Amino acid sequence: MNEKLNILLATSEVVGFAKTGGLADVCAALPQAMARRGHRASIILPLYRSARQAKPAPVPTERQFTVVVGQKVVETRLWHTTLDDGVTVWLVEQNDYFDRDDPTQGRGIYQYTRHDGSRADYEDNCERFVFFNRAVLEALPLLDAWPDILHVNDWQTGLIPVYLKEQYLHRMGESGPLGYDRLGTLLTIHNIAYQGTFWHWDMKLAGLDWRLFNPRQLEFYGKLSFLKAGIVYADLLNTVSPTYAREIQTPYFGYGMQGVLWENRDRLFGIVNGVDYRVWDPAIDRHLPANYSLDDLSGKAICKAALQREFAIAEDAAAPLCGVVARLTEQKGVDLITAVAPGILDAGGQLVVLGEGDRKYHHVLQHLRDRYPNRMGIYLGFHEAKAHRVEAGADFFLMPSAFEPSGLNQLYSLKYGTPPVVRATGGLADTVTDASPENLANGTATGFRFGGYSAHECWRAVERAIGMYRHYPEFWRQLMRTGMSQDWSWDRSAAEYEQLYQRLRKPR
Ligand code: ADP
Ligand code: GLC
């Protein structure tokens, strides 16, 4: 039976409040999609400095409480604001922990920039997120309604299911049990490579019993892992695509977690992310110089010319323009991007890269740009509006990830008529259909795929894309149209999340 649910999603990122990647897009869009399906949905995240600038602006409430972190008793209070579809956002204020991000000083929400330019995690990340995890549970009695489902995301919220089962389950209020025993927990793993691993003495800081520090529970190779803790303690688990759910049970993709995931495979599901088409649709995108749609593609040429100007490269309508938007990390296959770049540029193509991340990649990209100033443009930073303009202005989108749990950029590319060239892994394998002769004939092709993580295979796929763009414009248009007409909206994925939530609902 499809009962109305009350879902609380706990996360460290929500777009508009704080974002480093797709986690933020998902954590904003999924609750809104659940609200549209008739459920009550709210979100809880830390009140970072950037979150204070969100719209509509968060305001402080009178709901104050304390949280025990190691030996400390930390004071906090909730702020709130409302998103579309009536989704309430709760923000946990604690300025020592969360009022420190400032991009102009190289300070992000998890990391800061050292004097030598390299990036490092904040030394107190464990403490910050122990605080946040406990604060979420302490806040529940102060919210407007008791949730049925607590949906936690990635390592930053991984201890919540542990605290719930070990310390909160039987908490009593003035008139009986508070309701912690009625909560069902879902952990979504957006990326197994980020595990929230800290030295074993942080068990004390976390306030957890040493008996839990064993390989079947919280210990991960001698350390405390928030992610493993979440995997062991959450009622149900999912990752963000069916292929990635299978991949992470193997050593290459599992980053050491393959064993615990394999053991828990009966509780592990894969649901591909959706797209918020109210934000990512070239027909209504307010970041673009011109809008376009399936029925009238003319605006795309305007977007391309504007992108060439914005990135200071030759304004050449015929040059195949390759776009990249990515966190510049190993995951995103930046080695392959830089390896195939000279091929694209020497073939008369162009390349535009928007990204931020490892310094070594910044250097290689700067070096390449200096070699091809007229054909290659880069922006090394985080810029939401530019991300939209690259999706729209490029002819094809390159995403040769070493692994990709789901990936949103290839889905944006499909909608923007910018066929993606992808490595067939994780969500990329689940969402992009290769332009093989058969798939072109049966009308399912949407992009170009390759298998092995090698510059050679990547180049072959890029070469096919450039070849089709130049010599088979009819096929190219077919590819664009097929991608643009597909529906990767949240409605589809939200229905799958709803099934998991319904399984978690406990009788009142
Ligand atoms: P991941 O979450 O692994 O970074 P996704 O494809 O799921 O990958 O999502 C990435 C999101 O972050 C997209 O919304 C993309 O537009 C955005 N993004 C990544 N890098 C940048 C950047 N430098 N500037 C603006 N947006 C970016
Ligand atoms: C992670 C993954 C990405 C996914 C996103 C949102 O950052 O790297 O593939 O789309 O989370 O789930």
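In this predicted model, 26 residues of domain 1 are in contact with 21 residues of domain 2. Where do these two domains sit along the chain? Domain 1 covers residues 6-274 together with 491-504, and domain 2 covers 298-487. If you picture the C-alpha centre of each domain, the two centres lie 32 Å apart.

Let's look at the surface the domains share. About 1,700 Å² is buried between domain 1 and domain 2, and carbon and sulfur atoms give 53% of that area. Polar partners take part as well: twelve residue pairs, both members at pLDDT 80 or more, are in polar contact across the interface.

Which helices of domain 1 face domain 2? Helices α1 (22-36), α7 (242-247) and α8 (251-254) each supply at least two residues to the side of domain 1 that touches domain 2. The biggest share on that side comes from α7, with four residues.

Next come the charged pairs. Side chains of opposite charge can pair when their charged atoms come close. Searching the whole structure turns up 28 salt bridges, and one salt bridge is found across the interface of domain 1 and domain 2. Here are two salt bridges, with the separation of their N and O atoms:

| Salt bridge | N to O distance |
|---|---|
| E384 and K19 | 3.4 Å |
| D235 and K165 | 2.7 Å |

Why is the pair D235 and K165 worth tracing along the chain? D235 lies in the loop between α6 and β15 (236-239), while K165 belongs to helix α4 (residues 160-168), so their salt bridge ties together parts that are 70 residues apart in sequence.

Helix α6 also leads us to a small sheet. Three strands make up this open sheet, in the order β12-β14-β13, with antiparallel pairing. Which strands stand at the edges? They are β12 (197-198) and β13 (219-220); each has a single partner strand, so one side of each is left without a neighbour in the sheet.

You can follow one of these pairings residue by residue. Strand β13 pairs with β14 (residues 223-225) in the antiparallel sense, over two bridges. For F220, the bridge partner in β14 is K223. Helix α6 (residues 226-233) packs on this sheet and touches β12, β13 and β14. Compare the directions of helix α6 and strand β14, and you will find an angle of about 60° between them.

Notes: Residues are numbered from 1 along each chain as its sequence is written. Chains are lettered from A and ligands numbered from 1 in the order in which they are written. Side-chain values use heavy atoms; hydrogens and water are left out. Two strands pair if DSSP finds at least two bridges between them. Contact means heavy atoms within 4.5 Å. Axes are lines fitted to C-alpha atoms, for helices over the stretch in contact, and angles run from 0 to 180 degrees between N-to-C directions. Domain bounds come from an automatic or database domain assignment. Buried area is the accessible area (1.4 Å probe) that two parts lose on being put together, summed over both. A salt bridge is a side-chain nitrogen of Lys or Arg within 4 Å of a carboxyl oxygen of Asp or Glu. A polar contact is a pair of N or O atoms within 3.5 Å; within protein, one must be able to donate a hydrogen and the other to accept it, and residues adjacent in sequence count only if both atoms are side-chain atoms.
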